[in-house]
Amino acid sequence: VNTWLERMPFWAETSHWQGFGGDAANAVADAPVHPFWQVYRACYRDSLSGKEQANLAIFDGLLEGKPLGRLSSKAALSALFIMLYPGYPVLQLPYRLLQALLEIDEQLNTWRYRHMSMVQRIIGLRTGTGGSTGKDYLRSALASHAIFRDVAALTSFLIERRRLPSLTRSMESRLGFTGHHG
């Protein structure tokens, strides 16, 4: 998943980003942070409540190249972009794949919870198979065994659709949508 997300071509296609974000973003187009993410960061920062300010530091880490768990920053930002603009034809299947991965984790957690409840009904507080602590072991597994936790964590960086930065016409065309995105 990480390798697939890292191959998303949108950031290297500079011709599709010309004029994005106005003069402020273009003045720093050679900066280490892509102009889209400069503009998005401001939108994201403005959407945070006081209790959520720590999220901005994690987001800034992504922009600085720090991984998000097992996802590289490049992969995490590509996945976030897909989650932000799922309505574009080119992004619809990638979005559905990301949602399917989250659904896998959700279904596995549902199974783990039901298994834990069954174990409690059948053996109570006795030792489980293999010498485990039974119910307590299964309870800890609920929180610690998510496979796609890093993809799920990206939802912390979403903002309201109406506040999303408008993409350039060239990028909208690249994503398969020629009209106004709304």
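Contact here means heavy atoms within 4.5 Å. The model is predicted: local features need pLDDT of at least 70, side-chain atom pairs count only at pLDDT 80 or more, and totals for chains, interfaces and linings use all residues. Residues are numbered from 1 along each chain as its sequence is written, and side-chain values use heavy atoms, with hydrogens and water left out.

**Exercise 1. The chain as a whole**

Find how many helices and strands the protein chain has, and what share of its residues is buried.

Solution.
Step 1. Helices (H or I, at least four residues) and strands (E, at least two) are taken as DSSP runs, numbered from the N terminus. The protein chain has nine helices and zero strands.
Step 2. Buried means under 20% relative accessible area, exposed over 50%, and partly exposed in between, with a 1.4 Å probe and protein chains only. Of the 182 residues, 38% count as buried.
Step 3. Among contacts with a separation of 6 or more, 67% join residues 24 or more positions apart.

**Exercise 2. Helix α5**

Determine the span of α5, and say how many of its residues are buried.

Solution.
Step 1. The expected span of a helix is 1.5 Å times one less than its number of residues. For the twelve residues of α5 this gives 16 Å, and the helix reaches 16 Å from its first C-alpha to its last.
Step 2. Eleven of the twelve residues in α5 are buried, so the helix is mostly covered. Among them are Ala75, Leu77, Phe81 and Leu84.
Step 3. The buried residues of α5 pack against α1 (2-6), α3, α4, α6 and α8 (149-153).
Step 4. Ser73 is also found in α5. Ser73 counts as buried because its relative accessibility is 12%. Not counting residues up to four places away in sequence, Ser73 touches Leu62, Gly65, Lys66 and Pro67.

**Exercise 3. The nonpolar core**

State which residues have the most contacts inside the largest nonpolar core, and which helix gives the largest share of this core.

Solution.
Step 1. A nonpolar core is a set of buried Ala, Val, Leu, Ile, Met, Phe, Trp, Tyr and Cys residues joined through side-chain atoms within 4.5 Å. The largest one has 41 residues, and those with the most contacts inside it are Phe36, Trp37, Tyr40, Phe59 and Phe81.
Step 2. The elements that give two or more residues to this core are α3, α4 (53-63), α5 (73-84) and α6 (89-123). The largest share, nine residues, comes from α5.
Step 3. Leaving aside neighbours within four places in sequence, Phe81 is in contact with Phe10, Trp11, Trp17, Phe36, Trp37, Leu91, Leu167 and Leu175.
Step 4. A general rule can be set beside this core. In soluble globular proteins, nonpolar side chains tend to be buried together.

**Exercise 4. Helix α3 and an aromatic pair**

List the buried residues of α3, and give the geometry of the aromatic pair formed by Phe36 and Trp37.

Solution.
Step 1. Helix α3 covers residues 35-47; its 13 residues reach 19 Å, close to the expected 18 Å. Its buried residues are Pro35, Phe36, Trp37, Tyr40 and Tyr44.
Step 2. Rings of Phe, Tyr and Trp (its six-membered ring) pair if their centres lie within 6.5 Å; planes under 30 degrees apart count as stacked, over 60 as edge-to-face and the rest as tilted. The whole structure holds 22 aromatic pairs.
Step 3. Phe36 and Trp37 form an edge-to-face pair, 4.7 Å centre to centre with 80° between the planes.
Step 4. Phe36 is buried at 0% relative accessibility, and Trp37 is buried at 3%.

**Exercise 5. Salt bridges**

Identify the residues that are linked with Glu160 in a network of salt bridges.

Solution.
Step 1. A salt bridge is a side-chain nitrogen of Lys or Arg within 4 Å of a carboxyl oxygen of Asp or Glu. The whole structure has six.
Step 2. Glu160 meets Arg162 at 3.0 Å, N to O. Glu160 also forms a salt bridge with Arg163, with the closest N and O atoms 2.9 Å apart. Glu160, Arg162 and Arg163 are therefore linked in a network.
Step 3. Glu160 is partly exposed at 41% relative accessibility, Arg162 is exposed at 65%, and Arg163 is partly exposed at 40%.
Step 4. Arg45 and Asp46 form another salt bridge, with 3.3 Å between the closest N and O atoms. Arg45 is partly exposed at 36%, whereas Asp46 is exposed at 54%.
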